[in-house]
Amino acid sequence: MAINFPIPTYFIDMVFINRLKSFLTKSFFSHHLPTHLRHDSAALSSAATDFGHIVTNPPAAVLFPTSINDLVTLLKLANSRSIPFNVAAKGCGHSVHGQAMAQNGVVVEMTSLNNNPTRISISGSADAGFFADVGGEQMWIDVLNATLKHGLAPPSWTDYLYLTVGGTLSNAGISGQTFRYGPQICNVVELDVVTGKGDIVSCSAEKNNELFNSVLGGLGQFGIIVRARIPLFPAPNRVKWVRMLYNNFDEFVKDQENLISMNSNDDGGLDYLEGLLLMHDGPPDNWRSSFFPPSHHSTIISLVNQHSIIYCLEVAKYYDDHSRHTINQELDDSLEGLNFLPGYKFEKDVSYVEFLNRVRGGELSLRSQGLWDVPHPWLNLFVPKSRIAEFDLGVFKDIILKRKIASGPILIYPMNRNKWDEKMSAIIPEEEVFYTIGFLNSSGYDNWEAIEEQNKEILSFCDSVDMKIKQYLPHYNTKEDWEKHFGNKWKIFQDRKNQFDPKMILSPGQKIFNS
Ligand code: FAD
């Protein structure tokens with residue numbers, strides 16, 4: 001009598017992995033690409049982890065492409081199989097919940113395309129406008145350095161520049177410039193994309209616009225961005241950078257909201273606005289930027305201890321040689337009437353590069369102490385303006401203050417919805433003004449779960465009062481949660497998936513279509 005043994009899952013996985021490896025290796029050999037596909041432990045373990053250090057999912061193989069054709073070959077191959085294998089483009093792996101992983105599939109290390117020096121090129125004229133054509137694998141720091149050689153720069157940034165163009169365009173790309181210039185996805189005019197079907201398609205708002213809108217903010221679901229055309233503008237060379245402290249949340253957000261409404265046009269005004277919380281003991285500076293004069297640290301710490309939470313409004317205004325005589329007056333005019341605590345306004349005058357690259361110093365310092373490659377249980381939210389006071393009371397003043405386990409910067413700043421494009425895949429709240437809140441926690445390997453629990457508590461609080469928040473850099477485990485996240489854009493998101501990646505091959509680590 002035959003006995004049917006249940007086959008353990010790990011056994012099935014190993015069979016699949018081995019078949020995939022051998023198939024891929026043979027196929028790539030036949031395309032003369034033997035050295036680009038690796039499944040040694042160094043390649044696999046690097047692709048199995050990310051900045052979050054919370055999720056570990058090894059792929060079956062890792063592709064190190066040297067040309068766009070390598071991506072086409074890989075995706076055509078995935079489509080030609082009766083059981084397709086998954087493919088995830090990985091930028092720098094700065095996701096925190098495995099979004100750039102492909103368990104048992106193939107991870108594409110996009111930065112290996114970076115060996116080609118022509119993958120950032122500048123073109124245009126004063127009349128027609130200037131553009132940078134940039135490979136999706138390029139990091140924003142390299143875009144900045146290349147464009148500055150021409151005295152030009154993109155207007156919209158992220159706080160940290162060691163992120164890839166394809167990675168941030170798959171989310172939104174936000175920072176203190178967003179209220180005025182829009183997110184990075186709204187500062188792109190053309191893309192080249194290798195779709196989930198393996199076709200190379202150029203797209204823009206005019207040409208193949210369905211793909212263009214799908215991919216921008218599309219969480220890697222529709223195609224791999226291999227080129228982005230980014231408009232450039234004359235770059236300033238210096239920045240006035242100001243921080244002001246508040247102990248009253250209402251005054252703090254009122255000032256933030258007034259500033260973003262008064263400065264959102266192109267005719268001068270502030271170029272950047274963010275905000276952060278100062279809490280608990282410890283130095284007022286954090287790894288994200290060192291700002292406060294050391295001589296004021298003890299006064300600021302006393303202020304924090306006295307009030308438990310101090311809100312810090314941060315603004316910047318760019319200037320150059322032409323405006324250097326008027327910048328101080330212009331800045332004073334912009335900040336007139338603000339209600340920060342008297343005596344708690346601090347100012348720095350830095351180069352444009354120093355300002356944009358302000359997070360790098362903190363990163364290098366943490367790296368040197370072995371504190372960079374640690375778990376990062378981050379939570380990033382968009383909160384409608386009408387609910388922000390409730391958020392302050394229920395989250396900052398209750399959950400965060402009581403537990404005291406949050407460890408890392410907490411950012412809070414508003415943005416204007418009219419600087420975003422509803423047609424794109426990115427999801428934001430319905431209100432005209434909404435806040436981004438970033439809990440950028442670092443932890444040890446033994447306590448990240450407690451912080452994840454706290455993150456869940458924050459989310460359930462928001463749910464319990466129906467706050468209508470949206471996650472930025474979203475992370476969900478169930479289809480129901482994704483449906484809720486996309487709301488009335490869920491159907492269109494699904495239709496786009498069926499159109500551009502019908503076999504559900506791309507970016508499985510987002511867990512939208514691949515649970
Ligand atoms: P990855 O993490 O490698 O990939 C992210 C997703 O995009 C994955 O699903 C991946 O499959 C997909 N993907 C990657 N490349 C491509 C491509 N070429 N085409 C299509 N899909 C692709 N974000 C902000 O908006 N503002 C900030 O100020 C900011 N600061 C940050 C600071 C730090 C220290 C860190 C670690 C992250 C920060 N982020 C910020 C988040 C960042 O935007 C995301 O992590 C983003 O995913 C970019 O990282 P990456 O290039 O490493 O992409």
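Right after helix H13 comes lysine 404, a residue with a positive phi near 55°. Helices here are DSSP runs of H or I with at least four residues, strands are runs of E with at least two, and both are numbered from the N terminus. The model is a predicted one, so local features need pLDDT of at least 70, side-chain atom pairs count only at pLDDT 80 or more, and totals for chains, interfaces and linings use all residues. Residue numbers start from 1 along each chain, following the sequence as written.

Two other residues share the topic of positive phi. Histidine 53, which is not a glycine, has a phi near 50°. Its place is the loop that links helix H2 (41–47) to strand E2 (61–63). With 17 other C-beta atoms within 10 Å, histidine 53 is partly exposed. On this scale, a residue is buried if 20 or more other C-beta atoms lie within 10 Å of its own, exposed if 12 or fewer, and partly exposed in between, with C-beta atoms placed from the backbone. Serine 308, again not a glycine, shows a positive phi of about 70°. This serine 308 sits in the loop between helix H9 (297–307) and E13, and its 13 C-beta neighbours inside 10 Å make it partly exposed.

Back to H13 and its partner. In general, a pair of packed helices is described by the angle between the axes and the distance between them. Helix H13 (residues 388–403) packs on helix H14 (residues 448–464) at an angle of about 155°, and the axes are 11 Å apart. That angle makes H13 roughly antiparallel to H14. Axes are lines fitted to C-alpha atoms, for helices over the stretch in contact, with angles from 0 to 180 degrees between N-to-C directions. Angles under 35 degrees count as roughly parallel, over 145 as roughly antiparallel, 65 to 115 as roughly perpendicular and the rest as oblique. The crossing of H13 over H14 is right-handed; that is, the near helix is turned clockwise from the far one by less than a right angle, while an anticlockwise turn would be left-handed.

At the meeting of the two helices, H13 brings Gly394, Val395, Ile399 and Arg403, and H14 brings Gln454, Glu457, Ile458 and Phe461. Sorted by class, this contact holds 4 nonpolar, 2 polar and 2 charged residues. Ala, Val, Leu, Ile, Met, Phe, Trp, Tyr, Cys and Pro count as nonpolar, Asp, Glu, Lys and Arg as charged, and the others, Gly among them, as polar.

H13 also has a buried set: Ile388, Phe391, Asp392, Val395, Phe396 and Ile400. The cover over these residues includes helix H8 (249–262), strand E12 (272–279), strand E13 (309–319), strand E15 (379–384), strand E17 (433–439) and H14. Two residues are in contact if their C-beta atoms, placed from the backbone, lie within 7 Å.

One of the covering strands, E13, is home to glutamate 314. Glutamate 314 is buried, with 20 other C-beta atoms within 10 Å. Setting aside neighbours within four places in sequence, glutamate 314 touches Gly176, Arg243, Glu274, Gly275 and Leu276. Between glutamate 314 and lysine 345, 31 residues apart in sequence, the C-alpha distance is 9.8 Å.

Loops come next. Just past H14, valine 465 lies in the loop leading to strand E18 (470–472), and 12 C-beta neighbours inside 10 Å make valine 465 exposed. Its C-alpha atom is 9.2 Å from that of glutamate 390, although the two are 75 residues apart in sequence. The loop between E12 and H9 holds proline 293, which is exposed with 10 C-beta neighbours inside 10 Å. From proline 293 to glutamate 347, 54 residues apart along the chain, the C-alpha separation is 9.3 Å. Proline 283 is found in the loop between E12 and H9 and is partly exposed, with 13 other C-beta atoms within 10 Å. Proline 283 and glycine 151 are 132 residues apart along the chain, and their C-alpha atoms are 37 Å apart.

As for the whole protein chain, it has 16 helices and 18 strands. Its radius of gyration is 23 Å, close to the 24 Å that the globule rule gives for 515 residues, so the chain is as compact as a globular protein of that length. The radius is taken over C-alpha atoms, and the rule is 2.2 Å times the number of residues to the power 0.38. Of the 515 residues, 44% are buried.
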